[in-house]
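Trainee: Please take a close look at the empty space inside this model. I would like one connected walk through it.

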Amino acid sequence: MGLIIGMDEAGYGPNLGPLVITASLWKVPDDPRQFDFWSALESVVSQKKPRKNSRHLHVADSKQVHSATAGLGPLERSTLPFLQLQSQSERLASLGELWRLLIATPAHLDEIQREPWSGERRFELPSVVDVEAVEESRQSLQQALDSAGIELRGICSEIVLPERFNALCGEYGSKGVMLTRLCMSLLTRVWDRECSESTLIIGDKHGGRNRYDEFLDEILDGEMIFRVEESTQKSVYKIGNTEVRFQTRAEEHFPVAVSSMVCKYTREVMMEQFNQYWCEHVADLKPTKGYPVDARRFKSEIAIAQERLEISDQILWRGQ
């Protein structure tokens with residue numbers, strides 16, 4: 001048996017909204033470097049877009065699952081069953097419950113809840129998909145996992161709002177270093193260094209970065225890091241019984257794909273709430289996804305309302 005951790009992010013490039021980084025932890029009944037999730041779960045998940053009326057969950061890079069034309073539905077339908085597996089409640093009923101499920105740091109949760117577009121506002125989940133459909137998919141997913149001997153041990157996220165994003169970029173000197181350090185910090189929440197089981201950690205490469213050993217060293221207690229490979233395709237390290245990989249197209253691995261979808265879903269519903277708030281204060285306002293060109297359009301159109309509501313750029317706008 002072994003453990004696999006998959007990590008990914010969404011929202012690295014926009015000027016508006018959060019950066020979300022997620023790690024998911026899985027226990028598998030075989031060598032984690034050889035285990036094939038796709039074959040084990042083929043009765044319930046598909047890497048390709050399922051046919052119409054199929055009950056399969058589409059699990060892939062979130063960019064393949066979600067599109068602006070299709071709306072939130074396909075992403076919500078395939079992501080919520082995984083999140084529901086982790087929830088202690090009967091179902092995830094609101095965005096606030098999703099935050100509490102994913103975030104371990106009370107200060108960061110408080111930061112999110114203090115945003116003017118968050119506060120005590122209730123954003124119900126599911127947003128598009130029927131509750132019954134989510135529960136049916138959750139049950140099918142759980143049965144398939146049980147039959148394959150797979151256990152979802154945990155899903156956790158870093159949700160970084162503009163104010164903290166800007167502060168960390170300033171502290172670390174670049175947003176690339178910030179992303180890598182946040183990923184390492186998140187990794188400490190799911191990676192048990194005392195565990196004797198073989199562990200595989202997979203994450204997407206961070207831009208053009210090839211070296212990660214110095215950042216791994218910051219979260220380890222003097223343990224030896226063996227550099228196996230560092231290239232434009234992948235960087236691989238061995239630490240005791242753990243193999244750490246940062247590679248291109250990491251979402252081809254099931255645990256990374258699930259983390260990618262959780263990141264994207266969390267960011268998308270937070271942007272839905274953000275847009276709802278501003279549309280209540282600005283007539284005929286076109287919603288935004290927060291990416292650079294459209295973000296500037298959106299910011300200029302809310303400028304008068306922003307001043308009236310006394311909302312500072314500090315909590316609204318990501319400068320890098």
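Mentor: Start with the second largest cavity, which encloses about 30 Å³ of space. Keep in mind that this is a predicted model. The residues lining this cavity are Leu 3, Ile 5, Val 190, Trp 191, Asp 192, Cys 195 and Thr 199. Sort that lining by class and you get 5 nonpolar residues, 1 polar and 1 charged.

How is such space found? Rolling a probe the size of a water molecule over the atoms shows where empty space is left.

How many cavities are there of 30 Å³ or more? The count is 2. The largest cavity has a volume of about 90 Å³. It is lined by 13 residues. Closest to its centre are Gly 17, Pro 18, Glu 115, Trp 117 and Phe 274. Two helices each give at least two residues to this lining: helix 10 and helix 12. Helix 10 has the largest share, with 4 residues. By class, 9 of the lining residues are nonpolar, 3 are polar and 1 is charged.

Now the pockets. Take the second largest pocket, at about 380 Å³. Its lining counts 23 residues. Asp 8, Glu 9, Ala 10, Tyr 12 and Lys 63 lie nearest the centre. Several elements contribute two or more residues here: strand 1 (2-10), helix 2, helix 8 (175-190), strand 6 (198-204) and helix 10. Which of them gives the most? Strand 1 does, with 4 residues. The class split of this lining is 8 nonpolar, 7 polar and 8 charged.

Note that helix 10 turns up twice. It supplies residues to the lining of the largest cavity, and it also supplies residues to the lining of the second largest pocket.

One residue of helix 10 deserves a stop: Lys 264. Is Lys 264 buried or exposed? The cut-off for buried is under 20% relative accessible area. Lys 264 has 14% relative accessibility, so it counts as buried. What does Lys 264 touch, leaving aside its neighbours within four places in sequence? Its contacts are Ala 10, Ser 62, His 66, Leu 75 and Tyr 291. Ala 10 is familiar from above, as one of the residues nearest the centre of the second largest pocket.

Next, the largest pocket. It holds about 610 Å³ of space, and 26 residues line it. Pro 50, Arg 51, Ser 54, His 56 and Arg 77 lie nearest its centre. Four elements each supply at least two residues of this lining: strand 4 (57-58), helix 2 (62-65), helix 3 (73-86) and helix 6. Helix 2 therefore serves both pockets: besides this lining, it gives two or more residues to the lining of the second largest pocket. By class, the lining of the largest pocket has 8 nonpolar, 11 polar and 7 charged residues.

From helix 6, step back to the loop before it. Pro 126 sits in the loop between helix 5 (106-113) and helix 6 (131-148). The peptide bond joining Leu 125 and Pro 126 is cis, with omega at about -5°.

Helix 10 has a loop to check too. Arg 249 lies between strand 9 (242-247) and helix 10 (254-281). Phi of Arg 249 is positive, about 50°, although the residue is not a glycine. Arg 249 is exposed, at 53% relative accessibility; the cut-off for exposed is over 50%.

Helix 12 has a similar entry in its loop. Glu 310 lies between helix 11 (292-309) and helix 12 (313-316). Its phi is near 55°, a positive value in a residue other than glycine. Glu 310 has a relative accessible area of 74%, so it is exposed.

Last, a hairpin to look at in the same view. Strand 7 (residues 226-230) and strand 8 (residues 234-239) pair in the antiparallel sense, over 4 bridges. The hairpin joins the two strands through 3 residues. Within this pair, Arg 227 has Tyr 237 of strand 8 as its bridge partner.

Key: Residues numbered from 1 in each chain as written. Predicted model: local features only at pLDDT ≥ 70, side-chain atom pairs only at ≥ 80, totals over all residues. Heavy atoms only, no water. Buried < 20%, exposed > 50% of the residue type's maximum accessible area, 1.4 Å probe, protein only. 1 Å grid on protein atoms, 1.4 Å probe; cavity = no way out; pocket = protein on both sides within 12 Å on 5 of 7 lines; lining within 4 Å. Points joined across faces, edges and corners; volume = space filled by probe spheres on them. Nonpolar A, V, L, I, M, F, W, Y, C, P; charged D, E, K, R; others polar. Pairing = 2+ DSSP bridges. Contact = heavy atoms within 4.5 Å.
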